[in-house]
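This report looks at charged contacts, a strand pairing and surface patches in the structure shown below.

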Amino acid sequence: MNNFSSLKKKANLLEAKKELLSKQLIAQKAQLDSCSKRLEASQKARIFFQEIATLTQQKVEKRISSIVSMALEAVFPEPYKFVLEFIPKRNQTECLLLFEKNEERIKPIDASGGGTIDVASIALRIAFLTLNKKARRIMLLNEPLRFVSKNYIDRCGGLLRLLSERNKIQFIIVTHLDELIDYGDKIFEL
């Protein structure tokens with residue numbers, strides 16, 4: 001009788017454990033289902049944001065590369081085309097700034113001389129400035145274009161005037177280059 005009572009107790013305990021585990025299993029399945037739904041929603045949101053980011057990157061790339069490429073074309077006889085290349089790395093996007101000529105892309109630092117980096121850097125600043133519609137359209141440049149070959153400086157002056165008029169930007173330029181001084185509306189000599 002003692003044995004029977006002991007076995008009945010064990011059976012009741014096991015039955016209680018089974019019932020508890022069944023309830024826990026149901027709760028875990030519900031939690032898993034909830035997590036799966038949240039994961040699916042998060043994945044859809046991530047895809048949505050990636051698509052928006054891609055569209056934004058395309059617009060930004062088009063805007064920036066057109067301004068910088070136009071500047072390079074205005075100054076140099078056989079210019080590089082300016083390209084932004086967006087590369088996803090470690091769940092983030094990196095942007096490479098590149099020059100392109102004859103289907104070959106190179107880093108600007110590796111480009112030939114003549115001041116291409118100076119021209120591109122001014123155009124980049126203008127492109128970024130024009131992306132922000134609320135930004136004040138004044139740009140202070142200290143010795144810009146100092147690495148541009150002398151035979152291209154006159155074209156650079158024309159480029160600065162064109163960029164100023166086209167984008168409604170006022171340039172305040174500090175320079176010792178007489179060729180640039182001739183393009184100024186107001187000149188102060190120190």
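In this predicted model, the side chains of D185 and R161 meet in a salt bridge, with 3.3 Å from N to O. The pair links distant parts of the chain, since D185 lies in the segment after α4 whereas R161 belongs to helix α3 (residues 150-167), 24 residues apart. D185 counts as exposed at 73% relative accessibility, while R161 is partly exposed at 33%.

The structure holds eight salt bridges, among them the three in the table.

| Salt bridge | N to O distance |
|---|---|
| D185 and R161 | 3.3 Å |
| R90 and E94 | 3.3 Å |
| E100 and R105 | 2.8 Å |

E100 is buried, with a relative accessible area of 19%, because the cut-off for buried is under 20%; its partner R105 is partly exposed at 41%. E85, E100 and R105 are linked in a network of salt bridges.

Strand β1 (residues 81-89) runs antiparallel to strand β2 (residues 92-101), and nine bridges join them; P88, for example, has T93 in β2 as its bridge partner. The two strands form a hairpin with two residues between them, and R90 in the turn has a positive phi of about 50°. R90 is exposed, with a relative accessible area of 70%, whereas E94, with which R90 forms a salt bridge, is partly exposed at 32%.

Two patches complete the picture of the surface. D154, D178, E179, D182 and E189 gather in a patch of negative charge; of these, D178 is placed in helix α4 (residues 178-181) and counts as exposed at 54% relative accessibility. A nonpolar patch is formed by F48, F49, I52 and L55, which together have about 420 Å² of accessible area; I52 lies in helix α1 (residues 2-75) and is partly exposed at 39%.

Conventions. Residues numbered from 1 in each chain as written. Predicted model: local features only at pLDDT ≥ 70, side-chain atom pairs only at ≥ 80, totals over all residues. Heavy atoms only, no water. Patch = residues over 30% accessible without salt bridge, like charges linked within 9 Å, V, L, I, M, F, W, Y side chains within 5 Å. Areas by Shrake-Rupley, 256 points an atom, 1.4 Å probe, with all protein chains shown as cover. Salt bridge = Lys/Arg side-chain N within 4 Å of Asp/Glu carboxyl O. Helix = DSSP H or I, 4+ residues; strand = E, 2+ residues; numbered from the N terminus. Buried < 20%, exposed > 50% of the residue type's maximum accessible area, 1.4 Å probe, protein only. Pairing = 2+ DSSP bridges. Lys, Arg positive; Asp, Glu negative; His and termini not counted. Charge placed at Lys NZ, Arg CZ, Asp CG, Glu CD.
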